[in-house]
Amino acid sequence: MKKSIFRVLSVLIAVVMFAGALAACKPAEVDPAEVAAALPREETLYYAGLQWGSVVGWNPYSSNNNNALAVAQGANARIVMFETPYMYNMIDGKQYPLLADGDYTWNDAMTELTFTLKDAAKWSDGTKVTAEDVAYTFDTHIKYETSTGVGVADYVEDVVAVDEKTVTVKAKLNDAGQAVNPLVVSAYVSDNYVIQKAWTETLEERVAGDAEAFKADPGDDAIGSGPYMPFYDDDTKVVLIRNDKYWGKDKSMWGMLPAPKYLAHTIYADNNAGFLALKAGEVDISQQFNSNVQDLWLVDNLPISTYLDDAPYGLTASLPTAYFNLKSFGLDNVAVRKAIAMAVDYDTIIANAMTNQSPTFNQVPRSVMNPTDGEQALYDHAAVADLQWAGNDVEGANKLLDDAGIVDTDGDGYRDIDGTKLSYNAVCPNGWSDWQAAIEIVAAAGEKIGIEITTYFPEWSVYQTVFTDGNQEEYDIFMVWSNGAGPTNPWGRVRQLMSSDFAGTTGNWNGNWGGYVNPRIDEIIAEIPQTTDQAKLVELYTEATEIYLTDVPSFTLMYRPDQFYTVNESVWTDFPAATDGRNIPPMNLADGYGVAGLYYLTLVGD
Amino acid sequence: MKHILHEAFRSPKFVTGFVIFMAILALVVFYPLFVTDHPLAIIGQGTFFPPGIYVSVYDTTNAPQYTMMLPEAEGNRIGAKLGDVEREAMREWLIDFGIPRAEIDIDDTAKLMTLWDAYYDPALRFQGMTSARQKYFARLDASLEGLLVMEPRVIAVPNTETGAFEASQSIELTDFVNVNEVANVRVLPLGTDNFGRDMLTQLVSAIGTSLQIGLVAGTVATLIGLTLGLMAGYIGGLVDDVIMFFTNLFTAIPGIVLLILISYSIGQENRGAVTVAVVIGVTSWVWTTRAVRAQVISLRNRDHVNLSKLSGHSIFHIIFADILPYILSYVVMAFILQISSGILAEAGLSILGLGPKTTDVPTLGLMMRWAMIYSAHILNKWWAFFPVIVAIALISFSLNLMNTGLDQVFNPALRE
């Protein structure tokens, strides 16, 4: 009996040893699914609030990837997998070189922008990033009419590879021989990825030149130059893995690899699920609107922080704005518009709807600028001080209306114009909770000044078809977001708020949804991009602010961050914060210059 | 009738349910007589004020002051800022800084504060300390500012001419005011919600609305169910077949699915409380129909019904005089349950965002929805949702108790 056991055991041992020897012959195969199922916590940076639903693709030419962790181009492009020549930093408004070597230069006529690429810059397959890649990326965007291509086609004539390392971006010229818009040209180099020419050609071959198929391809084989590569994704999570051969560890760039080996994003069912995970330390960095976020450290005493320690907790950059539909009865009257805007209690909107995650209008008086120092310096505060209102000024609003002769003539409690009662709806999409709460407070203001305002919250699918139609008469006062921080702002925001180009257009995703027309503001909008003299620029922006605050085509309800930013230091520490003096914006450690934060992270206790 | 009522009030279950229900009803009726605020008025700038008595800080300075020498006052004052957790934390920081443990006596406030003031440096971040912890110490340090100061606090008013501050009043450590003599005191027994609204006022109003919704939904469902059940049961034949065809059809489709689809297609702008109640009513009549029909079938060949038929009475007369009284007890009980399930259905719909449009009138479901959107349950703001849950539970509990009690009265087989 004993003997037989021994025999069986020896056979078993032999089998195990043989199998082990076999396995040793081959390099150990890693199954991403298995690794992703239990990522080592101390090597993984967990996100929340970026990715909702499973990833569609990795194709940087597509605008339908639903791949928030890896692919997002624009003013603060997400540069963990693909990279841009420059990184925008919303704190100081500067563009820092990434793939590019040093600052770009303009020719004297401001029609051509030239930069060179870093010698060290390489794709993840080991080949060099060349000027030809940059040029071919632009050509492809134009050829296949991608959303990037359509967006820049009116401003960028061509991108040319001068030699292997040197790239020139040529601006489209107007009749006077000037660049149509130098701002958009300089934004091009930090907004858009450089995509590998070889991979682009593979993709073109695969779709046989079909533009729709080209943009719809999932691009699973896409090759980037960034520090991370796709590792695993399913309907519960997305995981990126560090490319340990990343070129950026060269002295000419970061000089090291980013700290986390994996970037992972669990796909949460809703905001509350993500909030709970943050609280439990399962999430390191959260891009969610977490209401009353300060309770996490003040009450629960958790190692959780935001960019600023006190309200407004983050760096706000955009201006959610309520537009007046100038076709609505009575709203063509500036007194009515201004009275409503003056009567709204913005302090309550900010304290209740935003739970203080926005500066108040006493702290940052209203203008066309966001609260960043760079933009605030662009207008003369004293010159428009008389025009700015902080809100909750019921008396002033009533006086304004009385003086304009808009009074209640029939005694029903509401003011009339020519015998017709002033009655409006205030609208925002259903489920956008902080906006809904804000709109409620707008409606409450109407009651105080004798103007009937009722709230209305249609579904987003309906809302988006109505407010983008310049001829709609369904919504009277309705909320839309604004441009955040970027190289083309605040010019882009002035244009968005007031440009006549957009007035009355259909399918309008660009701006001026209320249909405001003013030839003078159009001149200013045309002039700003051509202006390099700082004093002149301030003069133009001040005038734009004056016009905006005088005519009140719309009014800002609150300030809001580009990206919400809450970090939990249970595992990682040294996240970017306002007080650390590193000048890194709180942008997910992934967007624009925010990516620099990845190189400072350390483990708690190390 | 009198006998039934008499019997019912001898059933302890019915009485308990009835008393709870009446108490709720009394609250809904009488509370607005005392607190006349609009239930949706935003009174707080900020979210989720905890329950308590709010005293105007400004007005306390104008209220008559009394001097009281309370021995425990100083201890309370220090204890409010410097509890055990804070003392431990200070020791931890001082040890990390390099002070020997033996030299730190955390029970001696004066000594601890002296050590702290001498060594604490907000810029220091020790090995292994997170920046969140560093900020905690900075906040702690700030909160200890002036903790041991015994001098009075001075209230200063700016001079309108020079702009310089001039002392107008000094507040001693022994000064007290009587809350009854402060001009503005607001009691918020349940705090405020995410909009800064008084929770209790809103809750009472919401219970009223929810009861109305339940009543309307219950009435609609019972009327439809009763009518169809009577017709199917008494007339029979083709009418029965057709009615039962639809009844079975609706039985097979879960009510909640229908409810969601109808609510969604109505659109939010049209969803008032009454509309939602009617929608709930028209999707929950099937079981009443089936039960009524079954009872009517067993009744329609009874002698007194046949007698009535022979006497030439009309169908309506027979149904109302000879059949309805016999099933009335069941109908009343079904009605009570329909009210209860109507209230629950509204809460369910509202949580999904398909209930009555927000901030028109408060309902129990909407209150829970907003509490959830603003993460009250994650942030432990229990007063924003727990009272609502208790209210819903109490309403359906009382209605169900009344139902069970009545059941025992009507059905001798169930009597204990």
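**Exercise 1.** In this predicted model, determine whether Asp309(A) counts as buried, partly exposed or exposed, and then work out what its salt bridge with Lys135(B) joins.

*Solution.* Begin with the accessibility: Asp309(A) has a relative accessibility of 32%, and since partly exposed covers the range between under 20% and over 50%, Asp309(A) counts as partly exposed. Next, turn to the partner, Lys135(B), which has a relative accessible area of 13% and is therefore buried. The two residues form a salt bridge in which the closest N and O atoms are 3.1 Å apart. Finally, place both ends: Asp309(A) lies in the loop between β12 (304–306) and β13 (316–318) of chain A, whereas Lys135(B) belongs to helix α7 (residues 131–143) of chain B, so the pair joins two chains.

**Exercise 2.** Describe the contact between chain A and chain B, going from the residue counts to the buried area and then to the salt bridges.

*Solution.* First, count the residues: 44 of chain A are in contact with 35 of chain B. Second, consider the area buried between the two chains, which is about 3000 Å², with carbon and sulfur atoms giving 48% of it. On the side of chain A, the residues that lose the most area to chain B are Asn272(A), Asn352(A) and Glu440(A), together 17% of what that side buries. Third, look for charged pairs: there are 3 salt bridges between chain A and chain B, and one of the pairs linking these chains is Lys381(B) with Asp295(A), whose closest N and O atoms are 2.2 Å apart.

**Exercise 3.** Explain on which side or sides of helix α14 of chain A the buried residues Val394(A), Ala397(A), Asn398(A) and Leu401(A) lie, and find what covers them.

*Solution.* Start from the general geometry: an α-helix has 3.6 residues a turn, so residues three or four places apart point the same way. In α14 (residues 394–403) of chain A, the buried residues are Val394(A), Ala397(A), Asn398(A) and Leu401(A). They cover an arc of only 100 degrees around the axis, which puts them on the same side of α14(A). The face turned away from this buried side carries the exposed residues Glu395(A), Lys399(A) and Asp403(A). As for the cover, what lies over the buried residues includes α10 (334–343) and α15 (433–448) of chain A. To finish, follow the chain beyond the helix: α14(A) is followed by Gly405(A), which has a positive phi, near 80 degrees.

Methods:
Residues are numbered from 1 along each chain as its sequence is written. Chains are lettered from A and ligands numbered from 1 in the order in which they are written. This is a predicted model: local features need pLDDT of at least 70, side-chain atom pairs count only at pLDDT 80 or more; totals for chains, interfaces and linings use all residues. Side-chain values use heavy atoms; hydrogens and water are left out. Buried means under 20% relative accessible area, exposed over 50%, partly exposed in between (1.4 Å probe, protein chains only). Helices (H or I, at least four residues) and strands (E, at least two) are DSSP runs, numbered from the N terminus. The arc is that of the directions from the helix axis to the C-beta atoms. Contact means heavy atoms within 4.5 Å. Buried area is the accessible area (1.4 Å probe) that two parts lose on being put together, summed over both. A salt bridge is a side-chain nitrogen of Lys or Arg within 4 Å of a carboxyl oxygen of Asp or Glu.
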